[in-house]
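User: Please take a close look at the charged side chains in this model and how they pair. Then follow the thread to the metal site and to the place where the chains meet.

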Amino acid sequence: MPGPVTVFAAKKIITMDASVGEATHVAVRDGIILEVGDLDDCAAWGPCTLDERFADSILIPGLIESHAHLLDGLLWAKAHYVGPIDRPDPSGRLQKGLTDNDALIARLKEIEATMSDPTKPLVGWGVDPSLNDPIAPITRHELDQVSKTRPIFLLHASCHVGSVNSATLEMANYAAIRVPGVLRDASGAPTGELREMAAMLIAVKAVAADMIGGSTDAAQFYNFARVAQARGATTIVDGGGSTYFDPAFLASALAATEAEDFPARIVAHNNGITVPGVDDMIKFAKGLDGKGNDKLAFQGIKIILDGSNQGFTGRLRPPAYLGSGENGLWNRAPDELRTLVPALHKAGLQIVAHCNADQAAELFIEAVALAQAAHPRFDHRHFIVHGQMLDESLLRRMASLGIHATLFSNHLYYWGEFHRAHTFGAFRAAALNPAATALRLGVMVSAHSDTPVSPVDPLFTLWCAANRVTATGRVLGPQERVSAYDALRMMTFNAAYLLHRDHEIGSIRVGKRADFTILARDPLTVDPMTIRDIPVQATVVGGRVFPVG
Amino acid sequence: MAEQIPVAVIGGYLGAGKTTLLNRLLSEAQGVKLAVLVNDFGSVNIDAALIAGRDGETISLVNGCVCCSIGDNLGLALHDLAERSDGPDRILIEASGVADPARIADYAGSHPRLALDSIVVVADPETVRMRARDKYVGDLVRLQLAGADLIVLSRTDIVDAETCRAVRLWIETEVPGARLALSPDLDHGRMFTSWTLASELPLDGTALRAALATLPTEIVRAKGIVRLLEAPDRRFVLQVAGGRWSLDAEDKDVDPLTKTRSVIVCIGLTGQLDPARLDCHFAGVARTVGPADLVELLRRGASPPREPHP
Ligand SMILES: [Zn+2]
């Protein structure tokens, strides 16, 4: 028995469909779109409930976050956000960015005052001195002002640095630790800044042990989806590394996402990161095929080729990093990738490849060419994640091999100035994340936040791709700006295409799922520089309305 | 404070010979309890006869050593070893082929019970110079070598002397002041002697299998890469360990007419291994024939007249 028909009225519906671009009403039944047009068109399906709460709003296809990490949800569950960037938390409250150490200390004092157990560690995340004004280190001297007795541990946004107070240094016995990453003052005493995991490990074990290793905490799934939903996402990718092949983890994920009120769909990549052997990688991925539910699906297998550009661990082609000429690190050996990629390709899997810098992308393209020569496959939709330094030559080879990409457009804003000054120099910074060239050459590109690296916010990501403005207001590479329409398409249809789901989501068309994002203003007609400020009013997932705020 | 456990890091690019070295150190350790942390159990071929038991991520050996999987967190695996009540005397960490061993070595200072001993980088004399020029990994291979306290050239018992000499010279130029060791001399020292059979021509598979089936017991290990008349388009990998032998074809084709030397190295205890006896034992395995005969042989695959090994 088909369910009741609901018709949503909007000031304007932007369908992103190739054939029919605009409408005012959309009829939905059982989570599926029945009709798109005006009220009369929708009435052809018989009696309906007219829902007019969005009558003054703009209704667009549900926005898709094409690369993010579940870790974001775990951090919200286990630690206090105290970073410099504004982020809405899972309860919908905006956590204002703390952009100097005084604000940070004041906020930590507030949190400290609410903690009843005096021995419980205070754990925070998201701090980033490089974005603070003024740039100043966060040492035990600052954190001791919050408490000299309660252990404090702050994980930086990069996840490569930690800041701790004297209580943590004592508790974890840092006097006996001899790691270069434990920074010391002139007298040889630790400053409380811990660089890289080798230096942080003993502090993490002592005060934040539940942040390492797999957690089955159900809250991480809800938080992950809720934070994205608050910024308009209806589908969000868990971009690899999670252990869904572990029955306990899978059970927790299924239980969390099955709930009626789970606020977004999660598409999770299979784990090609922490699973060591290719046989297990394929076995686990095939084992999860079809194991999901309406809001959890498994698609593609994620592998990592290099590190991070701002962490100086991306693999660059010559002349490598600005000034030093040094290069980053491979995550897997190129020789191994030349057999791994063809093996995954031959097994029929879709490969999702983290390639931050251009040499990593070049190697991946080379490996896919080997795979295609040995086992030609159509429509595999392998795609590159980040692909920040792709150029026309690489993009043309990608187009011919069927490789696509999701670009890290948020980098232009948050790290654009840093890349210009410290990693790549002027030309390469201006050429970062070349969405316009990619689209012109027929490469299907989306863009992403990589949360927790940058906040999940699809409208903001769209704004970055359209405007390419840095945090200080400079336009980086105006030639690579895309139109608002193309940017919206990147965050909807193109993302759905990358996930092999463009027949279900990514545009508003009869027969597709009723996933919508409701905006207060039209992103295609406002000044593109104001797109990031458009309020998200609600999302609709499978016909169910999820309010924002 | 209790005595600290020395930690050594074994680095080197993929295929350099790290696992072979670790495997040998594990099985030949005597009177010292080694713990070896590896990336992948599958790649470490611990002789089944040496395994006392397996418990999750740890394999225990009859000689008291253990081999542990790093899993996805090296630091935790290392701290776990440091905190065991029956902790090891020494810890060896296998760095991944693309890691900077110096960064891995940072972990040695991350626990009060541990102390860094040395960074050892393994290099394959036949491929290291080519790797060092590779556009993808050249800088990494040079970085690994430069960070080493000791560079171990692997497979020097199989690779010809000229190549070894050239690569030693190259390393001395590339990494001035580098300490170099040849793998056969390392650690297990002068306890073992080796005997080598080398032939420019393919070997007689039937005679070779017969010789392997009746190997003198003083041979503790033998290995080799050979070509056989019966399948000249393949290379075969020969392994002898713990009284068992295998001779398996590689799955990639080689041109039957390219010159690949066949080399077999037998290792035994010094004083027990008798080279003259082995010469006799392997007589008939390698023959001397002229190039024209060889082409004919490869075509026919037939047995040539038997002649003793020169
Ligand atoms: Zn990522």
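Analyst:
**Charged pairs and their settings**

At 52% relative accessibility, K283(A) counts as exposed. The classes are buried (under 20% relative accessible area), exposed (over 50%) and partly exposed in between, with a 1.4 Å probe and protein chains only. The partner, D280(A), is partly exposed at 31%. Their side chains meet in a salt bridge, N to O at 3.7 Å. A salt bridge here is a side-chain nitrogen of Lys or Arg within 4 Å of a carboxyl oxygen of Asp or Glu. Both residues sit in helix α9 (residues 278–288) of chain A, three residues apart, about one turn of the helix. Helices (H or I, at least four residues) and strands (E, at least two) are DSSP runs, numbered from the N terminus.

A note on conventions. This is a predicted model, with local features needing pLDDT of at least 70 and side-chain atom pairs counting only at pLDDT 80 or more, while totals for chains, interfaces and linings use all residues. Residues are numbered from 1 along each chain as its sequence is written, chains are lettered from A and ligands numbered from 1 in the order in which they are written, and side-chain values use heavy atoms, with hydrogens and water left out.

Over all chains, the structure holds 39 salt bridges. Side chains of opposite charge can pair when their charged atoms come close. One such pair is D89(A) with R93(A), the closest N and O atoms being 3.7 Å apart. Its ends contrast. D89(A) is buried at 6%, whereas R93(A) is exposed at 55%.

A further pair belongs to a network. R513(A) and E504(A) form a salt bridge at 3.6 Å, N to O. E504(A) is partly exposed at 24%. The network links R265(A), D294(A), E504(A), R513(A) and D515(A) through salt bridges.

Which residues hold the zinc ion? H67(A) and H69(A) each use NE2, and D450(A) uses OD, at 2.1 to 2.3 Å. Donors are N, O and S atoms within 2.8 Å of the metal (3.2 Å for Na, K and Ca); water is not among the atoms, so sites may look incomplete. Along the chain the donors follow the spacing H-x1-H-x380-D. H67(A) lies in strand β6 (residues 63–68) of chain A, and D450(A) in the loop between β21 (445–447) and α17 (458–467) of that chain, so the pair ties together parts 383 residues apart in sequence. Both donors are out of the solvent by the cut-off: H67(A) is buried at 1% and D450(A) is buried at 7%.

S409(A) is another buried residue, at 1%. It lies in the loop between β20 (404–407) and α13 (410–414) of chain A. Leaving aside neighbours within four places in sequence, S409(A) is in contact with N433(A), A447(A), H448(A), T461(A), C464(A) and A465(A). Contact means heavy atoms within 4.5 Å.

Now the interface. Chain B gives 21 residues to the contact and chain A gives 29. The area buried between them is about 2200 Å², with 59% from carbon and sulfur atoms. Buried area is the accessible area (1.4 Å probe) that two parts lose on being put together, summed over both.

How many salt bridges run between chain B and chain A? The count is four. One of the pairs across the two chains is K135(B) with E362(A), at 3.0 Å, N to O. Eleven residue pairs across the interface are in polar contact, both residues at pLDDT 80 or more. Such a contact is a pair of N or O atoms within 3.5 Å; within protein, one must be able to donate a hydrogen and the other to accept it, and residues adjacent in sequence count only if both atoms are side-chain atoms.

On the chain B side, α2 (74–82) and α5 (138–146) each supply at least two residues. α2(B) gives the most to that side, with three residues. The residues there divide into nine nonpolar, five polar and seven charged. Nonpolar covers Ala, Val, Leu, Ile, Met, Phe, Trp, Tyr, Cys and Pro; charged covers Asp, Glu, Lys and Arg; the others, Gly among them, are polar.

Chain B itself has nine helices and 14 strands. Of its 310 residues, 51% count as buried. Among its contacts between residues at least 6 apart in sequence, 71% join residues at least 24 apart.
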